[in-house]
Amino acid sequence: MQSLKFHPMIHKLEATPQLFTPKCHRIVPLHCSTILLNKSRNPFSSSVCCSLSSKNFRITAAKKKQDPELEPQNDNYLEDENELLNEKGGGEDVEFGWLPVVPHVLIASMSNFLFGYHIGVMNGPIVSIAKELGFEGNSFLEGLVVSIFIGGALIGSISCGSLVDKLGCRRTFQLDTIPLILGAIISAQAHSLEEILCGRFLVGLGIGVNAVLVPIYTSEVAPTKYRGFFGTFSQIGTCLGIIASLSLALPSEIDPHWWRTILYMASIPGIVLALGMQFAVESPRWLCKAGRIDDAKEVISNLWGPSEVEKAIEEFQSVCRNDGADLDSSWLELLEEPHSRVAFIGGTLFMLQQFAGINGVLYFSSLTFRDVGITSSVLASLFVGLTNLAGALGASYLMDKQGRQVLLIGSYLGMALSMFVIVGALSFPVTEISSNLSILGTIMYISAFAIGAGPVTGLVIPELSSSRTRGKIMSFSFSVHWVFNFLVGLFFLELVEKFGVAPVYACFGGVSLLAAAFAYYFIVETKGRSLEEIEISLNASYQSRNKS
């Protein structure tokens, strides 16, 4: 607690620190400060109280009851004092309830940084790698080196559900850094095609686990009020990873051996993740399922505030009694309601996301930018990454204000409009106007994707999932993601060669409209509701049991 007392004779506020730190040793420094008032006299006494808790940091200004003899004679003076103290209805609150969660989610988002890094790291150096390892000119092998991590990611995603159920999020994160670090080192030291394929596969294995794990961890440790904000960290981390790898890959156009250096660098975030998770908290919901109630209470108190402990534990235990207390769920449970419905929504959302054409647009973006003078594919991809990052930052602001469903519908409608703009530009002869329209449509599409279809899809699925089957449903959904990601990448160029770019892009626009309609009819708004409230509202057996 820090109290600030107003002294009418010297016209300043003095801060006396009285800071109590909670059990978790999380100390928030609160520095003393002095506020000078530009008035010669102060006819009334005021007080400013500052209270600090692990949930909210509140500063409240309030005016005490005045002595009639000391009433100010100058109304303008009183208005100035009131404006200085922000006195409206007794005071204003400034909340920082999200602050304790930030370091934990940032550490987890290092996984998404690695994902983005490995997406972009092969964009520039693949030609140098092929030349040095002896498969230059073989487009199939070049594509295999770039995309083999999808096979590893598929296996990683399928296995993650069982791992997180048994080990919890922290230990699964740390275990997962082993293939990420080993894969990066093996790839950097590769002297044959087999070695680099092995390294890339291991990297994909780790990426697949993390793709499932990060949304689960974020949704379970974030306060309800800020869950959407923290959910966008995964998309932001991916964008930053892509930008970092593309920036570091620029020297590869000059130095043919630079690719080994940037692949060695890929092991650093994995080491940071492994060490950082040693200090991060475990999911309080998993701790409750594991019977570690005291540990769960401590985590909730440290992250959400002591006032939330009893309510949260009561909700956790109520859901556990309904779902079953054992940690591991069965895959067959996904065939039962309401789990089957959520699994259907998750798989369909990821299928529509891939068929809406994001990978195709990213592939052709370098050709589109080349028409306006950006000849370097790395620079073009870097520009795309920056656009993606700007959209993700916008999503972080809007997620908890507009809601998931609104952003998802608006995102897909924007993507459809962008596709039709590009199709219109491609339908005319190549001129400066048509090239500019193609650029505009591409930027619009990437921005629309980043503000909704990208971050919302990964966030809303764990929100809709039950505590018992969350890991399995996320594993299933991301497995669908990797399968259709591979299929789109496999057949996209063949479809373009057979039908042309415009018809394929028109199909992407049509799928985007279909995805918007699907979001309208099937997505339940989760903004401002705890995971337990969402689960109870979707679980008919729970409701009927309470009625009986």
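Start with the whole chain on screen: of its contacts with a separation of 6 or more, 79% are between residues 24 or more positions apart. The model is predicted. Color by secondary structure, and you will find 22 helices and five strands. The chain has 548 residues, and buried ones make up 52% of them. Switch on the surface: the accessible area comes to about 24700 Å², with 64% of it belonging to carbon and sulfur atoms.

**Stop 1: salt bridges**

How many salt bridges are there in the count? The count comes to nine. Select Arg260 and Glu132, whose side chains meet in one of these, at 2.9 Å from N to O. Arg260 is in helix H9 (residues 258-265) and Glu132 is in helix H3 (residues 126-133), so the salt bridge ties together parts 128 residues apart in sequence. Is each partner buried or exposed, or something in between? Arg260 counts as buried because its relative accessibility is 14%, while Glu132, at 32%, is partly exposed.

Next, select Glu532 and Arg285, a salt bridge with its closest N and O atoms 2.7 Å apart. This pair links distant parts of the chain, 247 residues apart: Glu532 belongs to helix H21 (residues 531-538) and Arg285 to helix H11 (residues 284-289). Glu532 has a relative accessibility of 3% and therefore counts as buried. Arg285, at 5%, is buried as well.

Now move to Arg468 and Glu333, where the side chains form a salt bridge of 2.8 Å, N to O. Look for this pair in loops: Arg468 is in the loop between helix H18 (432-464) and H19, and Glu333 is in the loop between helix H13 (309-323) and H14, so the pair ties together parts 135 residues apart in sequence. Arg468 is buried at 12% relative accessibility, and Glu333 is buried at 13%.

To finish this stop, select Arg227, Asp400, Arg404 and Glu463 together; salt bridges link these four in a network.

**Stop 2: Arg341**

Select Arg341 in helix H14 (residues 339-355). With a relative accessibility of 40%, Arg341 counts as partly exposed. Add Ser465 to the selection. The two residues are 124 positions apart in sequence, yet their C-alpha atoms are 9.5 Å apart in space.

**Stop 3: Thr172**

Go to helix H5 (residues 169-188) and pick Thr172. Thr172 counts as buried because its relative accessibility is 1%, and the cut-off for buried is under 20%. Which residues does Thr172 touch, leaving out those up to four places away in sequence? They are Leu163, Val164, Leu167, Val209 and Leu213. Show Gly168 too: its backbone oxygen is 2.6 Å from a polar atom of the Thr172 side chain.

**Stop 4: a surface patch and helix H20**

Turn the surface back on and select Val483, Phe486, Leu487, Leu490, Phe491, Leu495 and Phe499. These residues form a nonpolar patch with about 610 Å² of accessible area together. Leu495, one of the patch residues, lies in helix H19 (residues 470-499) and counts as partly exposed because its relative accessibility is 39%.

The last selection is helix H20, residues 501-522. From its first C-alpha to its last, this helix of 22 residues reaches 31 Å, close to the expected 32 Å. Which residues of H20 are buried? Among them are Val504, Tyr505, Phe508, Val511, Ser512, Ala515 and Phe518. As you step through them, keep one rule in mind: an α-helix has 3.6 residues a turn, so residues three or four places apart point the same way.

How values were computed: Residues numbered from 1 in each chain as written. Predicted model: local features only at pLDDT ≥ 70, side-chain atom pairs only at ≥ 80, totals over all residues. Heavy atoms only, no water. Helix = DSSP H or I, 4+ residues; strand = E, 2+ residues; numbered from the N terminus. Buried < 20%, exposed > 50% of the residue type's maximum accessible area, 1.4 Å probe, protein only. Polar contact = N/O pair within 3.5 Å; in protein donor to acceptor, adjacent residues only side chain to side chain. Contact = heavy atoms within 4.5 Å. Patch = residues over 30% accessible without salt bridge, like charges linked within 9 Å, V, L, I, M, F, W, Y side chains within 5 Å. Areas by Shrake-Rupley, 256 points an atom, 1.4 Å probe, with all protein chains shown as cover. Expected span 1.5 Å × (residues − 1).
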